[in-house]
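Could you walk me through this structure, beginning with its metal sites and ending at its surface? I would like to know how the parts fit together.

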Amino acid sequence: MQKRADLHVHTYYSDGTFSPEETVKEAKRLNLDAIAICDHDCADGIDEALEASKKYGVEIIPGVEFTCEKEGIEIHMLGYLIDVKRKSVSKLLKDLRERRVQRIYDMVDKLKKCNVQISPESVFSLSERGTIGRLHLAQAMYNQNLVTSVKEAFNKYIGDDAPCYVSRFNITPEETIKAILESGGVPVYAHPAVMGRDDFIPEFMKAGLRGLEVYHTDQRNSVTKRYKNLADKLGLLTTGGSDWHGLGKKKSPMGGVTVPYSTVEALKKEASEIRSHV
Ligand code: AMP
Ligand code: ZN
Ligand code: FE
Ligand code: FE
């Protein structure tokens, strides 16, 4: 049987609900050959996943899903096979983590102005480690009966276009791409269909973008095809994954989107090419 990989999963080090070990165990149950751990602005779960990989025999591709911002739009940039101990990226991760905490306070303030009373502590209590984000805030709102679903929290209050959304990620995708490259990693534009700003892609390429996340959850086949054609035309790698969040976002089961193992090999080849320059 062809080897398969899911190159986009979250753990409880960001807004997933499973530990790295549970995540690797689930990958084994699903007969996946490799998974990429891509927590939001956090690499802390990778060592535990690598340890679990010895037990379960599932290969771990280290990754981070970086948050950045361009023209007021939140952009997610995947960094595969980065060396997180390198200075540029460790400083960036520390900075992003602090911004995420401040952003919760800012969104709580905005919610207050919309007559939604929630304490920052009740949000922080849902995230014992790693980075905090909007999914934690939405979950806290749901737990306190302020919304009838997590979806409603996003639609009404904290979604990208909703009134209580706060960005605070004033690091550009171009700067993020540079930091990923300096750390020997491969920068890939995450779920471009979600952002719908294909006009950014040539600018990202100038900064050193190497791939597009062509295969992603909840995406029409015609959209996937369009990004596959675009990536081929531009000479970019094509990656993909489920964006699994455990019980946090039930719509995307692990392994729901996979790519052939040759994608992993292509990423490794690209990383070694990048490392030969830095
Ligand atoms: P953050 O990194 O804090 O901006 O949060 C981004 C995360 O919020 C995404 O990875 C999803 O887990 C979640 N998210 C964003 N928009 C929505 C939405 N409309 N419905 C449900 N979850 C969402
Ligand atoms: Zn998430
Ligand atoms: Fe994302
Ligand atoms: Fe994600």
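Here is a short tour that goes from the metals to the ligand, then to a helix and a loop.

First, some housekeeping: this is a predicted model, in which local features need pLDDT of at least 70 and side-chain atom pairs count only at pLDDT 80 or more, while totals for chains, interfaces and linings use all residues. Residues are numbered from 1 along each chain as its sequence is written, chains are lettered from A and ligands numbered from 1 in the order in which they are written, and side-chain values use heavy atoms, with hydrogens and water left out.

Let's start with the zinc ion (ligand 2). Asp15 (listed twice, through OD), His40 (NE2) and His245 (NE2) coordinate the zinc ion at 2.1 to 2.6 Å. Donors here are N, O and S atoms within 2.8 Å of the metal (3.2 Å for Na, K and Ca), and since water is not among the atoms, sites may look incomplete. Why is the arrangement around the zinc ion (ligand 2) irregular? Its 6 donor atoms subtend angles of 52 to 169°. For reference, four donors count as tetrahedral if all angles lie between 85 and 135 degrees; four count as square planar and six as octahedral if opposite donors are over 155 degrees apart and all others between 65 and 115; anything else is irregular. Along the sequence, the donor residues of the zinc ion (ligand 2) are spaced D-x24-H-x204-H. The pair Asp15 and His40 links distant parts of the chain, 25 residues apart: Asp15 sits in the loop between strand S1 (4–9) and helix H1 (20–29), and His40 belongs to strand S2 (residues 34–40). Helices (H or I, at least four residues) and strands (E, at least two) are DSSP runs, numbered from the N terminus. Asp15 and His40 are both buried, meaning under 20% relative accessible area, with exposed over 50% and partly exposed in between (1.4 Å probe, protein chains only).

Two iron ions join the picture. The zinc ion (ligand 2) is 5.9 Å from the iron ion (ligand 3) and 4.6 Å from the iron ion (ligand 4). His8 (NE2), His10 (NE2), Glu65 (OE) and Asp243 (OD) coordinate the iron ion (ligand 4) at 2.1 to 2.3 Å. With angles of 77 to 164° among its 4 donor atoms, this site is irregular too. Of its donors, His10 is buried at a relative accessible area of 0%, and Glu65 is buried at 1%.

Next comes ligand 1. Its surroundings include Asp15, His40 and His245, residues that also coordinate the zinc ion (ligand 2). Polar side-chain atoms of Arg100 and Arg103 each lie 2.8 Å from an oxygen atom of ligand 1, and one of His245 lies 3.2 Å from such an atom. Taken alone, ligand 1 exposes 500 Å², of which the protein buries 85% (areas by the Shrake-Rupley method with a 1.4 Å probe; for residues, only the protein chains shown count as cover).

Arg100 and Arg103 are among the buried residues of H3. The 27 residues of helix H3 (residues 87–113) should span 39 Å at 1.5 Å a residue, and the end C-alpha atoms are 40 Å apart, which agrees; the expected span is 1.5 Å times one less than the number of residues. Asn115 follows H3 with a positive phi, near 65°.

Finally, Asp199 lies in the loop between helix H8 (192–195) and helix H9 (201–207). Is Asp199 buried or partly exposed? At 43% relative accessibility, Asp199 counts as partly exposed. Its side chain makes a polar contact with that of Arg197 (2.8 Å), where a polar contact is a pair of N or O atoms within 3.5 Å; within protein, one must be able to donate a hydrogen and the other to accept it, and residues adjacent in sequence count only if both atoms are side-chain atoms.

Notes:
A residue is near a molecule or strand if one of its heavy atoms lies within 4 Å of it.
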